[in-house]
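Biologist: Before we discuss this entry, please put the sequence and the structure on display. I will then ask about it point by point.

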Amino acid sequence: MTTIERIELFHVAVPLTAPFYPSWIPGYPQTESRFTLLKMTTKDGVEGFAAGNAFENEREGLGSLLGPYLIGMDPTDIPRVRQLLREASFLGWHNPWIEAACWDIKGKIEGKPVYQLLNPDLPDPVTAARVYASSGSIKPIGKRKEYLDRIREMGFSAVKLRVHDFDIREDIAVVEAARRHVGDVFVIGVDANQGWRVTLIDDAPTWDLERATDFGKACEDFGVRWLEEPLDMHAYDDLAELRRRMSTLKIAGCELNAGWHEARIFIEKGSFDIYQPDATFCGGLDTSREIFRACMERGLEFTPHTWTNGIGLIVNLHAFAAYPERRLLEYPFEPPGWVPEGRDAILEEPIGVSSEGTIAIPQEPGLGLRIGRKRLRRFGRRFYRMNTVKLAVNTIRKKGLRTALELKKKKQARAQSGG
Ligand SMILES: [Mg+2]
């Protein structure tokens, strides 16, 4: 058994080459890719990494909560990790993204890539994932046509468009223009970003079942394969009704829903054809596995949301690789602002797309993240560092020597008993 000896937290901010305007935050110019990076080190020196999307430096105080929770625990005991993260969330910090670092360590110790741990029944190594170009902004049709030409040249055979206009005719015009431009064979998906509306800068339209139905029917006319998040993330019944009303269009969602208990409602009600839980938001890779097992049993599609940063893309790539019926995975790409160089800047190399429209699945033990140490120094600022000795000193100061020793004994016994 191993235990966590040290944890470190970094604010990472990578300047983008140009401002990026995400369709899901209308009017907001994003100028940096920001996230919190967690580095965990075991007593044997095995390192695990995870990243949680951030707006600014809002996780400044997270370490003082996480340190006592995580130091001394067995990172390979995933049910225990989940339980501890759940307990920490009772104080208002919901941080499921952290769990990926434990899978990273578990894979390194067991000598297997994480996707094989998630699904040991896969017959062969899964080396590549077919990806679709996921656009991220609302753009004039002329600019979108340039984008479509570019991704086709790169090797993509599928795209996801964004629509976010108050006028449905504008939204339909985007789909129609794209279909006419790329011809009949190219796969098109559309994301309405209605699941978790953000109105920080500009207001955003709110779709109801009728608007989603009208738009969905138009999508069917233009051979769109799937419509993503056409209604609120908790509109379980209306999503199910929308799905019943469609004949060829698939309904997708569940990207930021909170864990299995919400995914289960969608599944029971029949809300989606395609499930897209993001392990960094939805409860961790263990939750992704719970959801994909349910999808496997019912013949539903599973393809995680990946739009955070290069680390989030790789974490979710492992969940995707573990699913036997793989189709298309999201590859976030919206030049000039959101390109692999910025998105993956903390990695030694950006995640590139092959001329066949695929990305490589890491085969090395763990997540296969190659964190560039120089890059981390350049873009990251460490704001928390804690190890067993420092934690012990803190505990002695606050609780007294006798109580600190008792707590240490209990923690060790607990870790050794596996729970
Ligand atoms: Mg989406």
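**Salt bridges, core and domains**

Modeller: The side chains of Glu334 and Lys139 form a salt bridge, 3.1 Å from N to O. Please keep in mind that this is a predicted model.

Biologist: How many residues apart in sequence are the parts that Glu334 and Lys139 tie together?

Modeller: Glu334 sits in the loop between strand E11 (329-332) and helix H13 (340-343). Lys139 sits in the loop between strand E4 (128-134) and helix H5 (141-154), so the parts tied together by the pair are apart in sequence by 195 residues.

Biologist: Is Glu334 buried or exposed?

Modeller: Its partner Lys139 is partly exposed, with a relative accessible area of 23%. The cut-off for a buried residue is under 20% relative accessible area. Glu334 has a relative accessible area of 1%, and therefore counts as buried.

Biologist: Which helices hold Arg82 and Asp286?

Modeller: The side chains of Arg82 and Asp286 meet in a salt bridge of 2.8 Å, N to O. This pair links distant parts of the chain, 204 residues apart. Arg82 is in helix H2 (residues 78-89) and Asp286 in helix H11 (residues 285-298).

Biologist: Why does Arg82 count as partly exposed?

Modeller: Partly exposed covers the range between the buried limit, under 20%, and the exposed limit, over 50%. Asp286 counts as buried because its relative accessibility is 12%. Arg82 counts as partly exposed because its relative accessibility is 29%.

Biologist: Where does Arg327 lie, the salt-bridge partner of Glu301?

Modeller: The closest N and O atoms of Glu301 and Arg327 are 3.8 Å apart. Glu301 lies in strand E10 (residues 301-302), and the pair ties together parts that are 26 residues apart in sequence. Glu301 counts as buried at 15% relative accessibility, while Arg327 counts as partly exposed at 46%. Arg327 is in the loop between H12 and E11.

Biologist: Which residues are joined into one network by salt bridges that share partners?

Modeller: The structure holds 36 salt bridges. Those that share partners join into one network Arg6, Glu8, Lys39, Glu47, Arg373 and Arg382.

Biologist: Which helix gives the most to the largest nonpolar core?

Modeller: The largest nonpolar core has 113 residues, and Ile7, Met40 and Ile311 have the most contacts inside it. With 9 residues, the element that gives the most to this core is helix H12 (residues 310-322).

Biologist: From which domains does this core draw at least three residues each?

Modeller: The protein chain is divided into two parts, domain 1 (4-113 + 370-416) and domain 2 (117-360). In contact across them are 42 residues of domain 1 and 42 residues of domain 2. The core draws at least three residues from each of domain 1 and domain 2.

Biologist: What distance separates the centres of domain 1 and domain 2?

Modeller: The centres are taken over C-alpha atoms. On that basis the separation of domain 1 and domain 2 is 28 Å.

Biologist: Which residues make the nonpolar surface patch of about 300 Å²?

Modeller: One of its residues, Phe55, lies in the loop between strand E3 (47-53) and helix H1 (62-70). Phe55 is partly exposed, with a relative accessible area of 43%. The patch is made by Phe55, Leu200 and Ile201.

Technical notes. Residues are numbered from 1 along each chain as its sequence is written. This is a predicted model: local features need pLDDT of at least 70, side-chain atom pairs count only at pLDDT 80 or more; totals for chains, interfaces and linings use all residues. Side-chain values use heavy atoms; hydrogens and water are left out. A nonpolar core is a set of buried Ala, Val, Leu, Ile, Met, Phe, Trp, Tyr and Cys residues joined through side-chain atoms within 4.5 Å. Buried means under 20% relative accessible area, exposed over 50%, partly exposed in between (1.4 Å probe, protein chains only). Helices (H or I, at least four residues) and strands (E, at least two) are DSSP runs, numbered from the N terminus. Domain bounds come from an automatic or database domain assignment. Patches are made of residues with over 30% relative accessible area and no salt bridge: like charges are joined within 9 Å, nonpolar side chains (Val, Leu, Ile, Met, Phe, Trp, Tyr) within 5 Å. Accessible areas come from the Shrake-Rupley method with a 1.4 Å probe; for residues, only the protein chains shown count as cover. A salt bridge is a side-chain nitrogen of Lys or Arg within 4 Å of a carboxyl oxygen of Asp or Glu. Contact means heavy atoms within 4.5 Å.
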